[in-house]
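Work through the exercises below with the model open beside you. Try each task before reading its solution.

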Amino acid sequence: PSVGGPSSTRKKTRMQLSFEASERHRPLTPGIGIGLADAAAGFGTISCIVRRPNDSGRYILSCAHVLGVNGANAVVFQPGALAVDGSGENSVANVLQSSRLTLGARHDVDAAIALIQGKISALNLAPLVGRLRGISTNIYEGMPVSLYGASSKFQSSIIRDLDYEGWVANVDSNGRERNYWFEDVVRCDGVTNPGDSGAPVVSSESGELVGIHFAGSPYSSWFI
């Protein structure tokens with residue numbers, strides 16, 4: 001998917017949201033590439049491993065436009081579809097729940113979870129970022145952050161805007177471009193590339209997860 005120009009009060013730009021396969025990794029960790037069996041659905045990055053209350057299952061958290069396009073129970077592969085060999089060896093999870101992109105609606109979430117298959121190992125240890133030390137909503141303009149995406153690997157950035165809004169142009173599996181309005185998202189200096197959607201955004205000061213990267217352009221990166 002790609003993200004269109006922001007609100008009329010800001011200079012128009014174009015944020016690119018697309019995908020790329022990566023290498024095979026076990027255990028599953030934040031920052032590695034994942035995808036669906038349908039190559040047209042695209043590829044993205046694991047944000048982190050999460051659990052639900054009163055549930056022993058382990059879940060991959062990433063963007064809805066990475067995991068949710070084929071609905072519940074879709075099979076998630078690591079690496080993505082380009083590496084599927086028919087043996088099922090790269091099948092790691094099944095989509096459980098996803099936010100939806102709806103034409104004409106306002107959005108501030110782009111997230112989905114997938115249940116990790118029983119024997120697949122997983123750790124919340126992102127390459128070069130380290131072990132995630134919890135979740136924080138304590139962010140501010142000028143704050144240094146780090147992220148690790150399947151395409152761009154380790155990157156550092158600075159938060160520039162805490163309340164950004166703009167059009168997201170999402171190209172669906174049929175090749176059609178649809179525009180969706182997003183608001184209350186956070187803008188950083190541009191450090192991401194196609195395939196980074198879902199990358200964990202971590203406070204460089206505390207090591208806590210502060211967001212999920214979901215859109216980018218040559219000049220800015222955005223997270224929710």
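**Exercise 1. Strand 17 and its neighbours**

Which residue in strand 17 does Pro 200 stand opposite? Then trace the pairing on both sides of strand 17 and decide whether strand 17 is buried or exposed.

Solution. First, the ground rules. This is a predicted model, in which local features need pLDDT of at least 70, side-chain atom pairs count only at pLDDT 80 or more, and totals for chains, interfaces and linings use all residues. Residues are numbered from 1 along each chain as its sequence is written, and side-chain values use heavy atoms, with hydrogens and water left out.

Step 1. Pro 200 stands opposite Ile 212 in strand 17. Strands (E, at least two residues) and helices (H or I, at least four) are DSSP runs, numbered from the N terminus.

Step 2. Strand 16 (residues 200–203) runs antiparallel to strand 17, and three bridges join them. Two strands count as paired if DSSP finds at least two bridges between them.

Step 3. Look at the connection. Strands 16 and 17 make a hairpin with five residues between them, and Gly 207 in the turn has a positive phi of about 80°.

Step 4. Turn to strand 18 (residues 220–223). Strand 17 is joined to strand 18 by three bridges, again in the antiparallel sense. Gly 216 has Ser 221 of strand 18 as its bridge partner. This pair also forms a hairpin, with three residues between the strands.

Step 5. Check burial. Buried means under 20% relative accessible area, exposed over 50%, and partly exposed in between (1.4 Å probe, protein chains only). Eight of the eight residues of strand 17 (residues 209–216) are buried, so strand 17 is largely enclosed by the rest of the structure.

**Exercise 2. Partners of strand 15**

Which bridge partner does Arg 106 have in strand 15? Follow strand 15 to strand 18 as well.

Solution. Step 1. Strand 9 (residues 106–107) pairs with strand 15 over two bridges in the parallel sense. Within this pairing, Arg 106 is matched with Trp 181.

Step 2. Strand 15 and strand 18 run antiparallel and are joined by four bridges. Cys 188 has Ser 221 as its bridge partner in strand 18.

Step 3. Check the cysteines. Cys 188 is buried, at a relative accessible area of 4%. Cys 48 is also buried, at 5%. The whole structure has zero disulfides (pairs of cysteine sulfur atoms within 2.5 Å).

**Exercise 3. Open and closed space**

How many cavities of 30 Å³ or more does the structure hold? Find what lines the largest cavity, then the largest pocket.

Solution. Step 1. Set the terms. On a 1 Å grid over the protein atoms alone, a cavity is a set of points where a 1.4 Å probe fits but cannot get out; a pocket is an open set with protein on both sides within 12 Å along at least five of seven lines; lining residues have an atom within 4 Å of a point. Grid points are joined across faces, edges and corners, and a volume is the space filled by probe spheres set on the points.

Step 2. There are three cavities of 30 Å³ or more. The largest cavity holds about 50 Å³.

Step 3. Its lining includes Cys 188, His 213, Ser 221 and Trp 222. Strand 13 and strand 18 are the elements that give two or more residues to this lining. Strand 18 gives the largest share, three residues.

Step 4. The largest pocket holds about 300 Å³. Among its 13 lining residues, Gly 68, Val 69, Ser 99, Arg 100 and Leu 101 are the closest to its centre. Helix 1 (64–67) and strand 15 (177–189) each supply at least two lining residues.

**Exercise 4. Buried serines in loops**

With which side chain does the side chain of Ser 152 make a polar contact? Repeat the search for Ser 197.

Solution. Step 1. Ser 152 sits in the loop between strand 13 (144–149) and strand 14 (153–171). Ser 152 is buried, at 10% relative accessible area.

Step 2. The side chains of Ser 152 and Asp 196 make a polar contact (2.5 Å). Such a contact is a pair of N or O atoms within 3.5 Å; within protein, one must be able to donate a hydrogen and the other to accept it, and residues adjacent in sequence count only if both atoms are side-chain atoms.

Step 3. Ser 197 lies in the loop between strand 15 and strand 16. Ser 197 is buried, at 1% relative accessibility. Its side chain makes a polar contact with the side chain of His 65 (3.0 Å).

Key
Disulfide = S-S within 2.5 Å.
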